[in-house]
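Visitor: Could you teach me to read a structure like this one? I would like to go feature by feature.

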Amino acid sequence: MTEIFLILVGAILVNNFVLTQFLGLCPYMGVSGKVETAVGMSAATLFVLTLASACSYLVFHYLLVPLNLEYLRTISFIVVIAAVVSATELIMQKTSPFLYRILGIFLPLITSNCAVLGVALLNINQSNSFTGSVFYGFGAAVGFSLVLVLFSAMREKLDACDIPEPFQGPAIAMITAGLMSLAFMGFTGMVQ
Amino acid sequence: MTAVFPALLNPVLALLGLGLGIGALLGIVTRRFQLHSDPVVDRINEYLPQTQCGHCGYPGCKPYAIAIANGDAINKCPPGGEATIRKLANLLNVRELPLDASYGIEEKPKVARIREAECIGCALCIPACPVDAILGAPKYMHTVIESECTGCDLCVDPCPVDCIDMIELPHENIVHEQEEHLPCINCGLCIDECPVDILPHSLYFACADNNLELATSLKLEHCIECMKCDSVCPSAIPLVAYYQKAKSDLAIELEERIKAEHAKQRFELHQERQERLQAEEEMRREKRAQLAQEKKKELSSKNIQAALERARSRNNGPAS
């Protein structure tokens, strides 16, 4: 129980994937224009990341290890992640077409979201158990969602602000992201 | 060479198996979650006013809905106006745009009327109507079924004698002139007074903002108009008058929605009939062409036969 709690806190706050490990920056900048979009993206990522970390654990330990093919993990993880994303896309197109439309290109882009592959590979490196890997993926996704929603809320506020012309648009977004990253450095060393 | 082969075989087989398994899984998912009609198009079509007027440059509301789903601008619908654009912008999560004036300007609902004494019975307006609302036969006077007319003005152009007028539809709206009153101070006296447990002051703000959705969610329909809240309001706000106006607006909106649904069905039937007629015409034409071809072939073969005969008789002539 304590172990799972530590994994969650570590993945959400201390080693936040976006702000500390700098993984998954593409959707972080791309889908943070509106809070609703950010929430939709977070939900999709949460689902995909949790499922992908479980699937990649199974593939690694029950397919690659018995065959002595550990060196193929990156390729097979990419295949597994792509399949999970495709399945999510198909299901979402039917069940919530508007979320599908809002996410648009970002849903297929989860495939190339390095956070997803990063979680799968880090799970192997840290030799987590099955529940450990699932919770690590879940925690990483929650951390991603947390900073994505916070960031999009800030960007919505910034839209209404009187920003000097050279800083408008992506420039002020980058500065905000940098400040958020600095703030998250405060968690360093809390959990190993 | 022999040592390399088994080392190569294992990973290839493993990845092949993985790919096959995943492919089968995706195939099953695709089969299970197959789409029959595009739900996005249907939802957009619901928000369009269903006048089928073609101001947007598409033949009707559904074709425009398909175009919007494929990324066309949402500000090409003059009959829907600002209200439709706002709804679509919310639905599609895009920026609200002002109405594009090159497609027309927002007007009050209208209805077509034929000046019957001047109608020459040419029947040109009948196929132009997208909802089949014009009644009449060639060489007889036509008339417009007013309750079916969507006011699209597509029949005005084809009329050779200009006997069709677009008349503004009067809307019976009970508008209560609200007198000047002091602003709401959120004292809450009205809440204690209300016999049906609604929040009169919140409802007042919703009605004053013309936010009918919020007003509905605040149980506007539950108000029995007992005027108790009016009597205790220290700012002397005529609360019930606001509620009455919101209620009548709501009723008008509902009526419009029912009418739009009806027009949509008629448009679809019209479209279907048009297609069927076209297909029949096509078939007839094909048959005629085929017949003509056969006749021609027969004729030409007959000609050849005759020519041969003549040649033969000529050849035989001198010999005999």
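Guide: We will look at a chain contact, two helix pairs and a single residue. This is a predicted model, in which local features need pLDDT of at least 70, side-chain atom pairs count only at pLDDT 80 or more, and totals for chains, interfaces and linings use all residues. Residues are numbered from 1 along each chain as its sequence is written, with chains lettered from A and ligands numbered from 1 in the order in which they are written.

Visitor: How many residues does the contact take from chain B and from chain A?

Guide: Two residues are in contact if their C-beta atoms, placed from the backbone, lie within 7 Å. Here 16 residues come from chain B and 21 residues from chain A. On the chain B side, α1 (4-32) and α2 (39-47) each supply at least two residues; helices are DSSP runs (H or I, at least four residues; strands are E, at least two), numbered from the N terminus. The largest share of that side, eleven residues, is from α1(B).

Visitor: Which classes of residue make up the side of chain B that touches chain A?

Guide: That side has twelve nonpolar, four polar and no charged residues. Ala, Val, Leu, Ile, Met, Phe, Trp, Tyr, Cys and Pro count as nonpolar, Asp, Glu, Lys and Arg as charged, and the others, Gly among them, as polar.

Visitor: What describes two packed helices?

Guide: The angle between their axes and the distance between the axes. Axes are lines fitted to C-alpha atoms, for helices over the stretch in contact, and angles run from 0 to 180 degrees between N-to-C directions. In chain A, α3 (residues 35-64) and α8 (residues 130-159) pack at about 165 degrees with axes 8 Å apart. These two helices are therefore roughly antiparallel (over 145 degrees). Their contact has 20 nonpolar, eight polar and one charged residues.

Visitor: At what angle do α3(A) and α4(A) cross?

Guide: At roughly 140 degrees, and the axes of α3(A) and α4(A) (residues 73-95) come within 9 Å. That makes α3(A) oblique to α4(A) (oblique being the rest after under 35, 65 to 115 and over 145 degrees). Among the residues that meet are F47(A) and L51(A) in α3(A), and F77(A) and V80(A) in α4(A).

Visitor: Where is L97(B) placed?

Guide: L97(B) is in the loop between α4 (81-92) and β1 (110-114) of chain B. With 13 C-beta neighbours inside 10 Å, L97(B) counts as partly exposed (buried takes 20 or more, exposed 12 or fewer, and partly exposed is in between). Beyond neighbours within four places in sequence, L97(B) contacts A73(B), I74(B), N75(B) and I85(B).
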